[in-house]
Amino acid sequence: MKLIEYLTGQGGMMLLGLIAITVFVIRKYKEKRYFKDVERRINNRNKSQGAK
């Protein structure tokens, strides 16, 4: 019962906030990594076309 009381109280709100912030940071990291990869692919394609 203490666990349910903790999750519905202030501790639960802090836990929920921590989870939300973690998800937000992970999504931002993945997005940044994705665009970096796309930029690298574009640069590689441009270099290979310029060499031909």
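Buried means under 20% relative accessible area, exposed means over 50%, and partly exposed covers what lies in between, using a 1.4 Å probe and protein chains only. By that yardstick, Glu31 counts as partly exposed because its relative accessibility is 40%. Keep in mind that this is a predicted model: local features need pLDDT of at least 70, side-chain atom pairs count only at pLDDT 80 or more, and totals for chains, interfaces and linings use all residues. Residues are numbered from 1 along each chain as its sequence is written, and side-chain values use heavy atoms, with hydrogens and water left out.

**Overall shape**

- The secondary structure amounts to two helices and zero strands; these are DSSP runs numbered from the N terminus, with helices being H or I of at least four residues and strands E of at least two.
- The protein has a radius of gyration of 22 Å, whereas a compact globule of 52 residues would come out near 10 Å. That radius is taken over C-alpha atoms, and the globule rule is 2.2 Å times the number of residues to the power 0.38.
- Along the principal axes, the C-alpha trace spans about 70 × 15 × 5 Å.
- Just to put a distance on it, Glu31 and Glu5 sit 26 residues apart in sequence and 37 Å apart in space, C-alpha to C-alpha. Glu31 belongs to helix α2, which covers residues 10-51.

**Surface**

- Of the 52 residues, 4% count as buried.
- The accessible surface adds up to about 5,400 Å², and 64% of it belongs to carbon and sulfur atoms. Areas come from the Shrake-Rupley method with a 1.4 Å probe, and for residues only the protein chains shown count as cover.

**Nonpolar patch**

- Leu3, Tyr6, Leu7, Leu15, Leu18, Ile19 and Val23 make a nonpolar surface patch of about 680 Å². The elements giving two or more residues to this patch are α1 (2-8) and α2.
- Patch members need over 30% relative accessible area and no salt bridge; nonpolar side chains (Val, Leu, Ile, Met, Phe, Trp, Tyr) are joined within 5 Å, and like charges within 9 Å.
- Helix α2 supplies the largest share of the patch, with four residues.
- Leu7 sits in helix α1, and its 43% relative accessibility makes Leu7 partly exposed.

**Salt bridges**

- There are two salt bridges in the structure, each being a side-chain nitrogen of Lys or Arg within 4 Å of a carboxyl oxygen of Asp or Glu.
- Asp37 pairs with Arg40, and their closest N and O atoms are 3.2 Å apart. These two are three residues apart in helix α2, so about one helical turn separates them.
- Asp37 also meets Arg41 in a salt bridge, at 2.9 Å from N to O. Both lie in helix α2, four residues apart, again about one turn of the helix.
- Shared partners join Asp37, Arg40 and Arg41 into one network.
- How open is each member? Asp37 is partly exposed at 25% relative accessible area, Arg40 is partly exposed at 47%, and Arg41 is exposed at 52%.

**Aromatic pair**

- One aromatic pair turns up in a search of the whole structure. The ring centres of Tyr34 and Phe35 are 5.3 Å apart and their planes meet at 70 degrees, so the pair is edge-to-face.
- Rings of Phe, Tyr and Trp (its six-membered ring) pair if their centres lie within 6.5 Å; planes under 30 degrees apart are stacked, over 60 edge-to-face, and the rest tilted.
- Tyr34 and Phe35 are both exposed.
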